[in-house]
Amino acid sequence: MDRRKFMGSAIATAGMLTGFEAVSGAEKAPAQFANKLSLKILGTNWGFAGTTDAFCAAVKKEGYDGIEMWWPGTKEKQKELFAALKKHSLDVGLLCGSGEKDYAAHLDAFKKQIDAATTQYEQKPLYVNCHSGKDFFTYDQNKAFIDHTTAATVKTGIPVYHETHRGRMLFAAHIARNFIEKNPELRLTLDISHWCNVHESLLTDQQETIQLALSRVGHIHSRVGHEEGPQVNDPRAPEWDAALKAHLTWWDTVVENKVKSGETLTVLTEFGPPNYLPTVPFTHQPLADQWAINVHMMHLLRKRYLA
């Protein structure tokens, strides 16, 4: 088979996967929210090529409750975001983080983003999610990020979560456990797909640590990872059933905790574009439809977690 025919065959196969909508994940979880407003599912602009207004229009059309995106760095972009949110009647969660390798510069930039996102908005965000610190910063250096966000939450009432993300402060389960045990105010954005990749497993040998982490979760990034990567090529494909079930079991526990506490849970459908999404060699053609996968996850989560 020549390259062009192979590419066409691969894309066609990816398109056929919508037939797996009724896989195990569509069943009801052990606990569900009686009030549908207690579960807010948000769409990501990661990989979306259009304007903020076009993105919000597309999200609204699909039936999402809102969006998550990075705190805009300019007043012009901030006005654009809040105008689109108002126009399309959407909720918003904000992302903050810093990329500097120098610790002092990194922390300073991080603090400025957090302070702006929690005070300079036209529409109050549901939460702020942080890409916090660096995996090579010391414990005490990374703790400064927690201390600052804890103060911001106390001051503004906006929950600030720290994401379990590779390359960041909480890049691995055992590292996160140390932070959790020493910082009772720490709350997490659970993107456990990263830990599957870091530990090259579905974490069956770290159950106690995982349960501790699940008890601190305020927000979920619902990407499905596997032992060799942070994102399966398509969660509807039957070969990923074990990975999907593992993630659903973790999310089930978070939902049960939120139902018991009476708290609202926010979830972002965060399957990403290439190169998170695998591609056909030589062509960079994605093997599946990122947007369709995220919409599928939105419907799966609602079916599973709403009574």
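Modeller: The expected span of a helix is 1.5 Å times one less than its number of residues. The model discussed here is predicted. Helix 9 provides a case to apply that rule.

Biologist: How does the reach of helix 9 from its first C-alpha to its last compare with the value expected at 1.5 Å a residue?

Modeller: Helix 9 has 21 residues, and the expected value is 30 Å. Its end C-alpha atoms are also 30 Å apart, so the reach is close to expectation under the rule of 1.5 Å times one less than the number of residues. Helix 10, residues 290–305, gives a similar reading: 16 residues, a reach of 22 Å and an expected 22 Å.

Biologist: What do the buried residues of helix 9 pack against?

Modeller: Their partners are strand 6 (188–190), helix 7 (193–199), helix 8 (207–214), strand 7 (217–221), strand 8 and helix 10. Among the buried residues of helix 9 are Leu244, Leu248, Trp250, Trp251 and Val255. Just after helix 9, glycine 262 takes a positive phi of about 80°.

Biologist: Which elements do the buried residues of helix 10 pack against?

Modeller: They pack against strand 1 (39–44), helix 2 (52–62), helix 9 (241–261) and strand 8 (265–269). The buried positions of helix 10 include Ile293, Met297, Leu301 and Tyr305.

Biologist: What makes aspartate 289 a cap of helix 10?

Modeller: A side-chain oxygen of aspartate 289 lies 3.1 Å from the backbone nitrogen of tryptophan 291. A polar contact requires N or O atoms within 3.5 Å, so this pair meets the distance limit. The cap is at the N-terminal end of helix 10.

Biologist: Which residues touch the most other members of the largest nonpolar core?

Modeller: They are Ile67, Val128, Trp251 and Tyr305, in a core of 77 residues. Helix 9 gives the most to this core, with 8 residues. Beyond its neighbours within four places in sequence, valine 128 is in contact with residues including Leu94, Ile114, Ile158 and Tyr161. In soluble globular proteins, nonpolar side chains tend to be buried together.

Biologist: Why is the aromatic pair of phenylalanine 110 and phenylalanine 145 called edge-to-face?

Modeller: The centres are 4.9 Å apart and the planes meet at 80°. Pairing needs centres within 6.5 Å and edge-to-face needs planes over 60 degrees apart, so both conditions hold. Phenylalanine 110 lies in helix 4 (residues 103–117) and phenylalanine 145 in helix 5 (residues 139–156), so the pair ties together parts that are 35 residues apart in sequence.

Biologist: How do you know whether phenylalanine 110 is buried or exposed?

Modeller: Its relative accessible area is 0%, and buried means under 20%; phenylalanine 110 is therefore buried. Phenylalanine 145, at 0% as well, also counts as buried.

Biologist: What makes phenylalanine 136 and phenylalanine 137 an aromatic pair, and how is each classed by accessibility?

Modeller: The ring centres lie 5.2 Å apart with 80° between the planes, so the pair is edge-to-face by the over-60-degree rule. Phenylalanine 136, at 52% relative accessibility, counts as exposed because the limit is over 50%. Phenylalanine 137 is buried, at 8%. Ring pairs link these two with Tyr103, Phe110 and Phe145 into a cluster.

Biologist: How is alanine 151 classed by its relative accessible area?

Modeller: The value is 45%, which falls between the limits of 20% and 50%, so alanine 151 is partly exposed. Alanine 151 is found in helix 5.

Terms used:
Residues numbered from 1 in each chain as written. Predicted model: local features only at pLDDT ≥ 70, side-chain atom pairs only at ≥ 80, totals over all residues. Heavy atoms only, no water. Helix = DSSP H or I, 4+ residues; strand = E, 2+ residues; numbered from the N terminus. Buried < 20%, exposed > 50% of the residue type's maximum accessible area, 1.4 Å probe, protein only. Contact = heavy atoms within 4.5 Å. Polar contact = N/O pair within 3.5 Å; in protein donor to acceptor, adjacent residues only side chain to side chain. Core = buried A, V, L, I, M, F, W, Y, C linked by side-chain atoms within 4.5 Å. Phe/Tyr/Trp six-rings, centres within 6.5 Å; stacked < 30°, edge-to-face > 60°.
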